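Here is a short briefing on one protein chain. Keep the sequence and the 3D view open while reading.

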Amino acid sequence: MVEAGEMDSNVKEPESFWEMDSVWTTTVLLVPCVVVLTAGFFYLYSFIVGLLSKTSVRNKVVVVTDALSGLGKECAGVFHQGGARLILCGKSWEKLEELADDLANASDPTLTFPSKLVLLDFGDMDSMPDVISEILECYGCLDILIFNSSMKIKAPAQNVSLEMDKLLMDNNYFGPATLAKGLLPSMISRRTGHMLLVNSIQGKIAVPFRTSYAASKHAVQAFFDCLRAEVEEFGISVSTINHTFINRSASSDTEASKSIWSLLYTKKPLGVSPDEAATEIVKTLSNKRKEVVIAPSLPKAALYTRSFFPDVFFAVMAAGVKSAAAAENM
């Protein structure tokens with residue numbers, strides 16, 4: 001015979017089984033739903049933030065110092081679509097006109113403004129007073145000034161002439177500093193404005209065979225770091241973006257150097273494309289971050305090593321020079 005207690009136990013077991021199965025089924029169905037909803041929320045949040053960032057330049061007067069570079073063209077397109085009043089600068093009037101026509105043809109004229117053009121060559125310092133006057137005459141004021149022009153050189157220090165040193169300093173330091181100082185009174189009088197410097201990571205660390213280039217980048221970095229504190233009381237923001245390398249286009253890729261320090265500035269995968277850099281510029285203008293470093297973990301580690309373990313950093317740089325020399329002699 002089966003006792004009553006045993007029968008009750010046998011009767012309850014199926015109920016317990018079905019309860020557990022129901023909970024398990026609910027969990028299996030619920031977890032994917034939560035994951036999808038969470039992913040959708042973050043996607044929607046990112047989309048809204050990106051949209052607000054792009055529209056944050058609407059009706060703003062934006063100056064791009066080198067609109068003819070890959071990054072300059074990308075910024076021009078983003079800001080133009082966002083409704084900014086663009087002042088495009090560059091060394092070639094014909095190419096500036098071509099860029100302005102391309103922007104006009106690719107946009108709705110009822111929602112955008114025609115671009116103003118100004119010839120700008122930081123290598124010609126004598127022309128800077130006229131350039132400053134022309135920029136101010138375009139709209140009578142400016143809201144955003146983006147310094148994205150740059151000149152590069154790679155060579156042993158003893159092979160770089162004094163004339164080349166001066167040309168590098170004019171393009172990478174004296175030119176941007178002179179333009180900033182010339183346009184600053186307009187921003188101070190309106191107690192608003194944003195200056196953004198697009199600078200190399202070599203404004204913070206230096207690698208061999210780039211003595212003059214790194215010196216110019218350190219100089220301009222220091223200038224804008226000091227300026228940031230000076231103009232904050234006037235409601236003016238100053239931002240710097242340091243990158244490893246900006247490719248000419250999103251698809252450009254070249255064979256990287258095999259030297260030890262080459263990982264600090266190779267184009268891919270450690271470089272950044274113009275559209276990625278432009279996106280970061282838009283974000284920085286929107287949230288007014290003071291300093292941004294666009295670099296993967298290895299170059300960032302080099303920054304920290306230079307600050308906290310300088311002897312290690314110097315030893316690695318010296319070893320890189322020796323290995324490069326040995327490779328050339330083989």
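V62 sits in strand β1. The model is predicted. V62 has a relative accessibility of 0%, so it counts as buried. What does V62 contact beyond its neighbours within four places in sequence? The partners are F79, A84, R85, L86, I87, I144 and I146.

**Long-range pairs around V62 and L285**

- V62 and M195 are 133 residues apart in sequence. In space, their C-alpha atoms are 10.0 Å apart.
- L285 belongs to helix α7, which covers residues 274-287.
- L285 is buried, at a relative accessible area of 9%. The cut-off for buried is under 20%.
- Leaving out residues up to four places away in sequence, L285 touches F79, I144, I146, H194 and L196.
- F79, I144 and I146 appear in the contacts of V62 and also in those of L285.
- L285 is 229 residues from S56 in sequence. The C-alpha to C-alpha distance between L285 and S56 is 8.4 Å.

**Helix α3**

- Does the length of α3 agree or disagree with that of a helix rising 1.5 Å a residue? It agrees: the 13 residues of α3 (93-105) should span 18 Å, and the end C-alpha atoms are 18 Å apart.
- L96, L99, A100 and L103 are the buried residues of α3. Viewed down the axis of α3, they fall within an arc of 100 degrees, so they line one face of the helix.
- An α-helix has 3.6 residues a turn, so residues three or four places apart point the same way.
- E94, K95, E98 and N105 are exposed, on the face of α3 turned away from its buried side.
- The cover over the buried residues of α3 includes α2 (70-81), β2 and β3.

**Packing of α2 on α3**

- Two packed helices are described by the angle between their axes and the distance between the axes.
- For α2 and α3, the angle is about 35 degrees and the axes are 10 Å apart.
- The crossing of α2 past α3 is right-handed.
- On the α2 side, the contact is made by K73, A76, G77 and H80. On the α3 side, L99, L103 and A104 meet them.
- L99 and L103 are also among the buried residues of α3.

**Helix α4**

- Which residues of α4 (128-139) are buried? They are M128, V131, I132, I135 and C138. Seen down the axis of α4, these buried residues fall within an arc of 120 degrees, so they line one face of the helix.
- D130 and E137 are exposed, on the other side of α4.
- Elements covering the buried residues of α4 include β1 (61-64), β2 (85-90), β3 (116-119) and α5 (162-190).
- β2 and β3 thus recur: they are part of the cover for α3 and for α4.
- G140 follows α4 and has a positive phi, near 85 degrees.

**Positive phi outside glycine**

- N59 is not a glycine, yet its phi is positive, near 70 degrees.
- N59 lies in the loop between α1 (4-55) and β1.
- N59 is partly exposed, with a relative accessible area of 43%.
- R191 is another non-glycine residue with a positive phi, about 55 degrees.
- The loop holding R191 runs between α5 and β5 (193-200).

**A buried serine in a loop**

- S149 is located in the loop between β4 (144-147) and α5.
- Is S149 buried or exposed? S149 is buried, with a relative accessible area of 15%.
- Outside the residues up to four places away in sequence, S149 touches T65, D66, F122 and K217.

**Cysteines**

- A disulfide is a covalent bond between the sulfur atoms of two cysteines.
- How many disulfides does the model contain? With a cut-off of 2.5 Å between cysteine sulfur atoms, the count is zero.
- C75 is buried, at a relative accessible area of 1%.
- C141 is buried as well, at 15%.
- C138 is one of the buried residues of α4.

Note on methods. Residues are numbered from 1 along each chain as its sequence is written. This is a predicted model: local features need pLDDT of at least 70, side-chain atom pairs count only at pLDDT 80 or more; totals for chains, interfaces and linings use all residues. Side-chain values use heavy atoms; hydrogens and water are left out. Buried means under 20% relative accessible area, exposed over 50%, partly exposed in between (1.4 Å probe, protein chains only). Helices (H or I, at least four residues) and strands (E, at least two) are DSSP runs, numbered from the N terminus. The arc is that of the directions from the helix axis to the C-beta atoms. Contact means heavy atoms within 4.5 Å. The expected span of a helix is 1.5 Å times one less than its number of residues. Axes are lines fitted to C-alpha atoms, for helices over the stretch in contact, and angles run from 0 to 180 degrees between N-to-C directions. A crossing is left-handed if the near helix is turned anticlockwise from the far one by less than a right angle, and right-handed if clockwise.
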